[in-house]
Amino acid sequence: MLGMLVWVPGEVPGQARRIRVGYLHTLAVDGHLWLGLSKGIYRKYGLDFDLTRFTTGIALSQAIAGGSIDVGIMGAVISNFPSRGIGRVFLLNNVEHATAVIFTQENSGIAKVSDLRGKRLSTTRGTTADVLLFVALKKAGVDYKDVQVVNMDMPSAVGAFLTGAVEAVSTWWPFDLQIRRTRPGARRIAQAGDYFPEAAIVGGWVASNRFYEENRFLLLQIARAWLEVNNLLLNDAGNSLRAIHEVAYPELSFEDLRDGYTKIKYFQNGQWAQMYRSGQAARWIENVQRVFIGLGAFADFVPAERFFDRRIFLEAFEAYAKGRGGP
């Protein structure tokens, strides 16, 4: 366990409490987590994380709903379950600019997104990859229902593509590395960055309803620690990525991890504060929520202000800025 008694000046100290944290193992989601753990930053703020790895944000959200996870770190699904009353979004990590990608078989005759009409494509429904697929098809004038979407967990979806069982796949990093190496002739016909900013896919941290109501101070501590981590990740990227690589991604080469880093759009802390205040961060969440409505995940639009608490980050940022002598 990672934990010790530490408090922020001006706060009443209390015993560090274990927080059950669920996460997805992809750099856009867990990069801040592993960097902060490797450098002892979360521990400095008295945070003790009991970690559980999930393969999809859907399964993680279900664990949050069931009470086995206090805080989840996920991708596009932050625009799904929280809007339906399951969890509260309180912190954003980044924009998945080019992490999601659609590949087609070399000899499939599918050269552009509009060619997917009537074809078999594998993906994991309700995830970042599914959001990309929906947006790409809509932009190309193709109805989602006109594609034969085979719903599988992502390892199986990629496996189906590699064996030729499907003609296309919508996936995310690092699965794209496997495809590029195993099928070098596979065509990349779309990536999330092609639809930025109107289809920006944001990911971040979600607290269970009960944990949100009872432990606001701990959520502030997470945000305060995150600000230090984000500053380190953006301003010392090389060493930060090496630390993440060592502790969390030893199965990949460092070059692979750096490739993943280039596919993510990060922002400095001051930029995030401006986007929280202006409502841009909320609009990104709402845009992806509209995609989930289009996919039939639920029917009614819910303004992000009802399930996205931007005050936690902004309070943490004010303390961070004062401590550094300004933003």
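This is a short walk through one sheet, some salt bridges and one helix of the structure above. Before I start, keep in mind that we're looking at a predicted model.

Okay, let's begin with the sheet. Five strands make it up, and going across you meet E7, then E6, E8, E5 and E9. The sheet is open, and its pairing is mixed. So which strands sit at the edges? Those are E7, residues 148-151, and E9, residues 187-191, and each of them pairs on one side only. If you step from one strand to its neighbour, the average turn between them is 25 degrees, ignoring direction.

Let me zoom in on one pair. Strand E5, residues 100-104, runs antiparallel to E9, and the two share 4 bridges. If you want a spot to click on, try Ile 102, whose bridge partner in E9 is Ala 190.

Now, what packs on this sheet? One helix that does is H4, residues 128-139. H4 touches E5, E6, E7, E8 and E9, and its direction makes about 65 degrees with that of E5. Then there's helix H6, residues 175-182, which also packs on the sheet. H6 touches E5 and E8, and its direction makes about 135 degrees with that of E8.

Right, on to the charges. How many salt bridges does the structure hold? The count is 13, and I'll show you a few of them.

Take Asp 70 and Arg 20, whose side chains meet at 2.8 Å, N to O. Asp 70 is in the loop between helix H3 and strand E3, while Arg 20 belongs to strand E1, so this pair ties together parts that are 50 residues apart in sequence. Are the two partners buried or exposed? Asp 70 has a relative accessible area of 6%, which is under the 20% cut-off, so Asp 70 is buried. Arg 20, at 31%, counts as partly exposed.

Next, have a look at Glu 167 and Lys 119, another salt bridge, with 4.0 Å from N to O. Glu 167 lies in the loop between helix H5 and E8, and Lys 119 in the loop between E5 and E6, so here the tie is between parts 48 residues apart in sequence. Glu 167 is partly exposed at 26% relative accessibility, and Lys 119 is partly exposed too, at 25%.

Then we have Lys 112 with Asp 115, where the closest N and O atoms are 3.3 Å apart. Lys 112 is partly exposed at 48%, and Asp 115 is also partly exposed, at 22%.

There's a network of salt bridges as well, and it links Asp 176, Arg 180, Asp 259 and Lys 263.

Last stop: helix H12, residues 280-294. Here's a little check you can do yourself. With 15 residues at 1.5 Å a residue, H12 should span 21 Å, and its end C-alpha atoms are indeed 21 Å apart, so the two agree.

Which residues of H12 are buried? Among them are Ala 281, Ala 282, Trp 284, Ile 285, Val 288, Val 291 and Phe 292. The buried list also includes Glu 286 and Gln 289. And what do these buried residues pack against? They pack against strand E4, strand E10 and helix H11, plus H4, one of the partners. You've met H4 already, as a helix that packs on the sheet.

Finally, just past the end of H12, look for Gly 296, which takes a positive phi of about 85 degrees.

Conventions
Residues numbered from 1 in each chain as written. Predicted model: local features only at pLDDT ≥ 70, side-chain atom pairs only at ≥ 80, totals over all residues. Heavy atoms only, no water. Pairing = 2+ DSSP bridges. Axes fitted to C-alpha atoms, helices over the stretch in contact; angles between N-to-C directions. Contact = heavy atoms within 4.5 Å. Buried < 20%, exposed > 50% of the residue type's maximum accessible area, 1.4 Å probe, protein only. Expected span 1.5 Å × (residues − 1).
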